[in-house]
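This report describes a single protein chain. Please consult the sequence and the structure shown here while reading.

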Amino acid sequence: MKNIRIIETGIDVSKILAQLKQYPEDWGIQKKMENTEIMDPLKHIVSAGVLQLVVGAVSQPGQDVRDSEVCVATPAFYRHTEIVRWSLSKFNTFARCAFLSLPVGEIVGKHIDIGTYYLRKDRYHLAIQGKYKYMVGDEELDVEPGTFFWFNNKEMHGAKNTGDEVRITFVIDAPHHPSNP
């Protein structure tokens, strides 16, 4: 596959999951996202949760965060030490990162991450809980907890929770570098 690359499977994510359960208040407000993308031709409302550890910010009024390199750690960054430790074991440096949840049977419609921020970043997932199908271009990957993979977020991509529990994945951006996994 050219748009999805499995880096590692069987990673023990139990300590990461334990910290997520220890700090449930860190999850952001449930957001309703209207989805009319390619995956589902009918209008579909998705309820997805976000727990941001490093967020994008702007350096000047009117700037679009997708065109900014500014990244700011949230208070949750300092509580979720297990995922930070894991991230630092894989990358020399990383940028924005967050946990994303997706209820059983729900989808994230196919989309492309746009903006200059994404042009110089590689995007990765570490599956924490639940099973899901990840689609990039015309490629698909069935993902289980403990799977770490890279994908081309400059192509159309999306996900479907195919398991019987809420999917939680950790999404992390790292500046392009030859040492990236």
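The sections below proceed from the whole chain to selected strands, rings and residues.

## Overall architecture

The model is predicted. Its protein chain contains three helices and twelve strands. The chain has 181 residues, of which 46% count as buried. Its accessible surface amounts to about 9300 Å², and carbon and sulfur atoms contribute 54% of that area.

Contacts across long stretches of sequence are well represented: where the residues in contact are at least 6 apart in sequence, 74% of the contacts join residues at least 24 apart.

## Strand β11 and its partners

Strand β11 covers residues 157–161, and four of its five residues are buried, so the strand is largely enclosed by the rest of the structure. Strand β6 (residues 107–111) runs antiparallel to β11 and is joined to it by three bridges. Within this pairing, His-111 has His-157 of β11 as its bridge partner.

Strand β8 (residues 132–136) is also antiparallel to β11, and five bridges join the two. Here Lys-133 is matched with Lys-160 of β11 as its bridge partner.

## Aromatic pairs and charges over rings

Twelve aromatic pairs are present in the structure. One of them is formed by Phe-91 and Phe-148, in an edge-to-face arrangement with 6.2 Å between the ring centres and 85° between the planes. Phe-91 belongs to the loop between α2 (81–90) and β5 (97–102), whereas Phe-148 belongs to strand β10 (residues 148–151); the pair therefore ties together parts that lie 57 residues apart in sequence. Both partners fall under the 20% limit for burial: Phe-91 has a relative accessibility of 3%, and Phe-148 has one of 0%. Ring pairs also link Phe-91 and Phe-148 with Trp-86 and Tyr-124 in a cluster.

Two arginine residues are placed over tyrosine rings. Arg-79 lies over the face of Tyr-23, 5.8 Å from the ring centre. Arg-167 lies over the face of Tyr-132, at 4.7 Å from the ring centre.

## Buried polar residues: Asp-173 and Ser-87

Asp-173 is part of strand β12 (residues 167–175). With a relative accessible area of 1%, Asp-173 is buried. Its side chain makes a polar contact of 2.7 Å with the side chain of Tyr-117. Tyr-117 is also among the residues that Asp-173 touches beyond four places in sequence, together with Phe-94, Ala-95, Arg-96, Tyr-118, Lys-121, Asp-122 and Arg-123.

Ser-87 is located in helix α2. This residue is buried as well, with a relative accessible area of 1%. When neighbours within four places in sequence are left aside, Ser-87 is in contact with Phe-94, Phe-170 and Ile-172. Phe-94 thus appears in the contacts of Ser-87 and in those of Asp-173.

## Asn-152 and Asn-3

Asn-152 occupies the loop between β10 and β11. Its relative accessible area is 16%, so Asn-152 counts as buried. The side chain of Asn-152 reaches the backbone nitrogen of Lys-154 at 2.9 Å. Beyond four places in sequence, Asn-152 touches Asn-3, Val-136 and His-157. His-157 is the β11 residue that serves as bridge partner of His-111. The C-alpha atoms of Asn-152 and Gly-137 are 8.8 Å apart in space, and the two residues are 15 apart in sequence.

Asn-3 lies in the segment before β1 (4–8). At 7% relative accessibility, Asn-3 is buried. With neighbours within four places in sequence left aside, the contacts of Asn-3 are Val-136, Glu-139, Trp-150, Phe-151, Asn-152 and Glu-155. Val-136 is thus touched by Asn-3 and by Asn-152. Asn-3 and Asn-153 are 150 residues apart along the chain, with a C-alpha separation of 8.4 Å.

Terms used:
Residues numbered from 1 in each chain as written. Predicted model: local features only at pLDDT ≥ 70, side-chain atom pairs only at ≥ 80, totals over all residues. Heavy atoms only, no water. Buried < 20%, exposed > 50% of the residue type's maximum accessible area, 1.4 Å probe, protein only. Contact = heavy atoms within 4.5 Å. Areas by Shrake-Rupley, 256 points an atom, 1.4 Å probe, with all protein chains shown as cover. Polar contact = N/O pair within 3.5 Å; in protein donor to acceptor, adjacent residues only side chain to side chain. Pairing = 2+ DSSP bridges. Phe/Tyr/Trp six-rings, centres within 6.5 Å; stacked < 30°, edge-to-face > 60°. Lys NZ or Arg CZ within 6 Å of the ring centre and 35° of its normal.
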